[in-house]
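Student: Could you take me through one part of this protein up close? I'd like to see how the aromatic rings pair up, and what sits around them.

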Amino acid sequence: MNTNVDAIDLFFRDFLHKQGLFKSPETSKSSYPVDIFETSKGMHFEIPCTGFSKEDVKITVKSDILNIKYDRLEEDELDPERRYICKGVATRSFDLGYKFSSKFDLAKVNAYFEHGLLKIEVPFSKEAEPREVKIK
């Protein structure tokens with residue numbers, strides 16, 4: 001278990017999952033595949049985006065929620081002449097929402113495409129860093 005995740009973060013994550021407000025790969029088999037990990041710089045997301053471009057994905061931040069959305073076009077909108085023999089590349093829609101604690105700075109979210117992955121970085125907030133308090 002990562003020691004950088006505090007008890008409040010775990011409480012809210014577990015509470016929201018149990019209430020069905022936010023889903024993750026652990027709680028939903030139909031969820032879009034996503035890797036989420038934390039480093040010393042913040043939280044990181046890697047989302048496979050095979051078959052579509054960065055213009056097709058919408059990332060929004062509202063209050064303390066990061067939302068990542070892609071609406072897939074129907075097959076006949078892509079190419080009505082295609083008759084699939086085998087369809088193994090998943091290009092399904094997704095709408096992912098993640099609630100963040102104040103220890104992250106959602107105003108400084110960075111996103112980019114690299115080797116077919118959408119990579120999103122959410123840095124830690126400067127206010128969340130430990131500081132020394134002087135005794136008066």
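Tutor: Here's a walk through the ring pairs, ending with a lysine beside one of the rings. Keep in mind that this is a predicted model. With ring centres needing to lie within 6.5 Å to pair, the count comes to eight aromatic pairs. Let's look at two of them.

Start with phenylalanine 45 and tyrosine 98: their ring centres are 4.9 Å apart and their planes sit at 50 degrees, so this pair is tilted. Phenylalanine 45 belongs to strand S2 (residues 42–48) and tyrosine 98 to strand S5 (residues 94–99), so the pair ties together parts that are 53 residues apart in sequence. Both phenylalanine 45 and tyrosine 98 are buried.

Now compare phenylalanine 52 and tyrosine 70. Here the centres are 3.7 Å apart and the planes are at 10 degrees, so this pair is stacked. It also links distant parts of the chain, 18 residues apart: phenylalanine 52 is in the loop between S2 and strand S3 (57–62), while tyrosine 70 is in strand S4 (residues 65–70). Phenylalanine 52 and tyrosine 70 are both buried, too.

Back to the tilted pair, because it has company: Phe45 and Tyr98 form one aromatic cluster with Phe100, Phe104 and Phe124.

And the lysine? Lysine 119 sits in strand S7 (residues 117–123), and among the residues it touches are Phe45, Glu46 and Tyr112. Its relative accessible area is 14%, so lysine 119 counts as buried. Its side chain makes a polar contact with the side chain of glutamate 114, at 2.9 Å.

Note on methods: Residues are numbered from 1 along each chain as its sequence is written. This is a predicted model: local features need pLDDT of at least 70, side-chain atom pairs count only at pLDDT 80 or more; totals for chains, interfaces and linings use all residues. Side-chain values use heavy atoms; hydrogens and water are left out. Rings of Phe, Tyr and Trp (its six-membered ring) pair if their centres lie within 6.5 Å; planes under 30 degrees apart count as stacked, over 60 as edge-to-face and the rest as tilted. Helices (H or I, at least four residues) and strands (E, at least two) are DSSP runs, numbered from the N terminus. Buried means under 20% relative accessible area, exposed over 50%, partly exposed in between (1.4 Å probe, protein chains only). A polar contact is a pair of N or O atoms within 3.5 Å; within protein, one must be able to donate a hydrogen and the other to accept it, and residues adjacent in sequence count only if both atoms are side-chain atoms. Contact means heavy atoms within 4.5 Å. Lists of a residue's contacts leave out its neighbours within four places in sequence.
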